[in-house]
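Subject: Structure handover

Hi,

Here is the structure I promised to pass on, with my notes underneath. Have a look at it first, then read on.

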Amino acid sequence: MKDAYRAYDGTTIDDSFALLEFVSWLRRSTRDVPCVLLSQDARGRSYVPLDRVRATVGSRAVTVLLDNAVQQSARNQLGDVNPYRGAARIFPPGDRWHDDYRLVPCMLPSLSKTEFLARIDDKLNALVSAARKPSAVCVARSAASPPASNPQSSKNRVGKPSEEPSLADVRGPRRSFHIDLAHAPLCRDAIMSSRREYPCILVSLAPEDTRPYLDVSALLDEIEDAAIVFEIADQRTEQWLREHLPQWALAYCGACRFFPPRNGSDRTYSRLFHVSGREDGARVVAELAEEVWDTAYADGYSIGAGVDDDTDGDDDVADVMCDRRDDITAGVVEMIIDDTAYVRMDDEPMPRKATLGTPSAFPESLPVGALLRKGQHVRGCAVGADGFEIVPDWVDAADALRAYGPEAVVAGLVTYVCADMLKVMLYPTVEVEVRGADLFAGTAVNADLDLRQVFSRETTIALRVVACDADDWLFTLPDATDTIVEPPSLLPEGPVWLDAADALAYLTRAYARTSLADVAIETLLDSAGTVESARATLRTMHRQLTEAQNDNAALTRDNERLRDENAELARRNRACEKTIEENNPLAAFSGRFASVREELDWQLKAQSLLQFTVEDRSRRPLAQWSYAGGFFDSLEECEHGDMSRWSLIRTMLLVLAGKETLNGLRQHQLRTGRGGDNPGRKDGYGNTIQRCNVHGQYRLHFTRDGAGRITFVSVNTHDELLL
C-alpha cells in the first residue's frame, strides 16, 4: 500500500513508458489497494481537480490522472474500462476487473461536481465494506452445505438441520423460487443444465434496492405454470450469480433474462429484457409472457389447454398454432458464403441453406453479414430436404439504442441529403432528421454550408448525441479522435448491423473548403426533387463559381507581385555579394599567380584562415584535394557567367572541412538523369559523385575516396548534367 502511494498517488501519467508501468501495476493480482483513475477533457483539464478528488478519496485508494497525451495508448491497453473526456474509473484491488469490466464503475462529467465526488465516495465505501466481508466464493461454498444454525434453512426444514439445501425450501407461488445465497448454486445448475426441459426466467433486483423492478406476481398471473421464475432475493446473491454465470446468462440491475428449454442440446440461446423502472414493468411482463407462450415445449405443451371443448373454432386455431410451434427448432449458423447463410440443426450432420425475411423498414441493401454471423444461435423451421427458414427474433429498437445517450458518439446510415437537412438511420426502424444549422452550431464549420458537399446517401457517419427525447434527437459534430459506440445487432448474438470503421471520414470534408462542384452530378440531380430546389442549387453553384473566380484573380495578382518582389530581392542580393567580393582582403592578390591551379590552391589555404578559427582548423583539418581533368574548363565557363569565385571557394572549403552536409549546401548524389528514381553517378574509380550548392544555379561536383581525399570534378549549372 505504501509503495503504491509513493509511486502513483497524486501523479499524472503523461508518457507512454510511465503508462506501460502503471497498467502493469494495475493488472497485478497482488495489488491490494483500489485505484481512482481520472481523465482530462478536450481542453486538457480534469473535471474535478486532482487535489479535490484526493481529499475525497483519502487513504482508501490511489488517485491518478491520465493525461490526454497518452489517451490513445491507454485506450489500446485498457480497452472499454479506459476513462476519457473527463470521466473517472475506480479499479478494485486485484485483477478480476480485467475479465469483467462491470467491476470497474464509471463516473461521467455529466454529473455535477458534488455528485461526481459523492459517487466516488459511495463506490469506495462499497469496496471497503465488501473487503471486510467474507468473499462471495467462500460464502457460496459454505452455502452449499449450510450449518444447522442457518435461520432460513432451519425455518423451512424444521427438524432437518443437516439436510442439503433444496429449491423446494424457497418455492413461492406457482413455479416461482425466491433465490438466496444458499440456494444460488442450485439456481445456477438448473439454468445451465443441458437436460432442462422447461423454460425459465431470471429476475434481478433493482440497483441498490431489495426488490425487482418487475412485478413478479403479475408475471406469474400471465404465464401461470408455463415457466419457472427465479427471483433473486438480495444483492449478495445477485453478485454471486454474476460471478458464476457465463456472459450469455447474466441478468442484473433490474433486467430479466428468458431461457428456452435446452432438451439435451448444447445451445446457449437466451434473451435479455431491460427494465428501466417499475413503470416499465408492465411492458416487460407482456413481452415475457409472449416469449413464454411462443416457446416450443419438448412435451408438446398446448396453448389451447383449458379452452372449452364446445368451442370448435378456437380448438382449430390452437391446433394450428401448436403444430406451427412444434415445427420450430434450434440451429447454429455454420457458415456464410456469397451472402447466403447455412444453418446446422441439432443432430443433423449437414447444414441447411437458410432464408430470412426482413421487414420492409429495413434497408434493401442490407447484406446477410449484417444480420447473421458464424456460430450464432437461431430458431426456425426445416424446409424440404436442405432448407431452413429462420424465424427472426428482432432486437427491439429501444433495447438496441439504450447506450445512445447524451455525449455518446453513434453511427448511422445516411438515407437522404438536401441543402440544409439530412436523414440518418440509427437503426433500421429509427430514422432521424438532422438540420445543418443544429449540427454545425458551436463548431468551426459554416452553419450555412450546403450539406451535399459533406454527406452522401448510403454512407455511414458518426454524430455526437447532445440530447434525445423519444423521437426528438439533437446532434453535433464529433472529434476525429472520438470512440464510436458499437452499433447494435439486429438479432440476438448477431453481428453489428452497420460497419462504422470510416464513420468519421466525412469530418475532413466538413472542415475543408469545398463547393457543389465537388459533388457528383447524379447526386445533385437526385437531391433536387423540385424545380425550386433545382433553382436554389443552380444559384448556389453560380455564387460559388463567382467566388472561386474572384479568389483566382486575387491569387494571380498576388503571384505577380511576389514574382516582382523576388526579382528585386535577387538583384539586391547580387549587389551585396559583389560588394562583399570587392571588400575581400584576398581579392587584391588575384591574377598574380602563374596558373589558375596555383592561384586556386593559394586562395583555398588563405580563405581557410579567414573562414575557420584556430580551434576549427585543429579539430577539422582540411582534407587533401586534387582536381579532375575538366574542372578548370568548367570553372572558366562558369566565371564567364555570373558565378562568384569567392562563393565557390567558401563552398569548396566546407567540403574539405567535412561540412558539406550543412542545410544551405543541400548535398545530394549526382544522378544519371533528371528523375529522382535514376541511379547515382560514379567516377572511373567507383567513387560516388556528390553535388552541392554554390549560389544561385551553380553546383559543385566532387568525390571522396576511401582515404578521405577530395577530387573536385566540375562546376556546372543545376540543369546541366555532367558528361
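**Starting from one threonine**

Let's begin with T703, which you'll find in strand β24. Before going further, please keep in mind that this is a predicted model.

Is T703 buried or exposed? It's buried, with a relative accessible area of 3%; the cut-off for calling a residue buried is under 20%. Which residues does T703 touch, leaving aside those up to four places away in sequence? The list is D683, N687, T688, I689, R709, I710, T711 and V713. One of these, T711, is also the bridge partner of T703 in β25.

The strand around T703 has much the same story to tell. Six of the seven residues of β24 are buried, so the rest of the structure largely encloses this strand.

**The strands on either side of β24**

β24 has pairings with two strands that I'd like to show you. One is with β25, residues 710-717: the two run antiparallel and are joined by seven bridges. Five residues lie between the strands in the hairpin of β24 and β25, and there G708 takes a positive phi near 90 degrees.

The other pairing is with β23. Here β23 and β24, the latter spanning residues 698-704, are antiparallel and share five bridges. If you want to trace the register, C692 has L700 in β24 as its bridge partner, and R691 stands opposite H701, again in β24. This hairpin has two residues between its strands, and G696 in it takes a positive phi near 55 degrees.

Why is β23 described as largely enclosed? Six of the six residues in this strand, which covers 690-695, are buried, so the rest of the structure largely encloses it.

One step further along, β23 also meets β22 (residues 668-669), running antiparallel to it with two bridges between them. Q669 has Q690 in β23 as its bridge partner there.

**An open sheet**

Next, have a look at the five-stranded open sheet. Its strands come in the order β18-β17-β16-β19-β20, and the pairing is antiparallel. Which strands stand at its edges? They are β18 (430-435) and β20 (472-476); each has a single partner strand, so one side of each is left without a neighbour in the sheet. On average, neighbouring strands in this sheet are turned by 50 degrees against each other, ignoring direction.

For the edge at β18, the partner is β17 (residues 421-427), and six bridges hold this antiparallel pair. Within it, K423 has E433 in β18 as its bridge partner.

As general background, strands in a sheet pair through backbone hydrogen bonds, and they can do so in a parallel or an antiparallel way.

**A closed barrel**

There's also a closed barrel of five strands. It runs β11-β12-β13-β15-β14, and its pairing is mixed. Neighbouring strands here are turned against each other by 50 degrees on average, direction ignored.

Within the barrel, β14 (residues 377-383) and β15 (residues 387-390) run antiparallel, joined by four bridges. To find your way between these two, take A382, whose bridge partner in β15 is F388.

**Two helices packed together**

For helices, I'd point you to α9 (residues 216-223) and α11 (residues 281-293). They pack at an angle of about 30 degrees, and their axes are 9 Å apart. The crossing of α9 past α11 is right-handed.

Which residues meet in this contact? From α9 there are A218, L219, E222 and I223, and from α11 there are V285, L288, A289, V292 and W293. Sorted by class, the contact has eight nonpolar residues, one charged and no polar.

**The whole chain**

Last, some overall numbers for when you zoom out. The protein chain has 21 helices and 25 strands. It has 723 residues, and buried ones make up 42% of them. The accessible surface of the chain is about 38600 Å², with 50% of that belonging to carbon and sulfur atoms. As for contacts between residues at least 6 apart in sequence, 63% join residues at least 24 apart.

That's what I have for now. Happy browsing!

Conventions: Residues are numbered from 1 along each chain as its sequence is written. This is a predicted model: local features need pLDDT of at least 70, side-chain atom pairs count only at pLDDT 80 or more; totals for chains, interfaces and linings use all residues. Side-chain values use heavy atoms; hydrogens and water are left out. Two strands pair if DSSP finds at least two bridges between them. Axes are lines fitted to C-alpha atoms, for helices over the stretch in contact, and angles run from 0 to 180 degrees between N-to-C directions. A crossing is left-handed if the near helix is turned anticlockwise from the far one by less than a right angle, and right-handed if clockwise. Contact means heavy atoms within 4.5 Å. Ala, Val, Leu, Ile, Met, Phe, Trp, Tyr, Cys and Pro count as nonpolar, Asp, Glu, Lys and Arg as charged, and the others, Gly among them, as polar. Buried means under 20% relative accessible area, exposed over 50%, partly exposed in between (1.4 Å probe, protein chains only). Accessible areas come from the Shrake-Rupley method with a 1.4 Å probe; for residues, only the protein chains shown count as cover.
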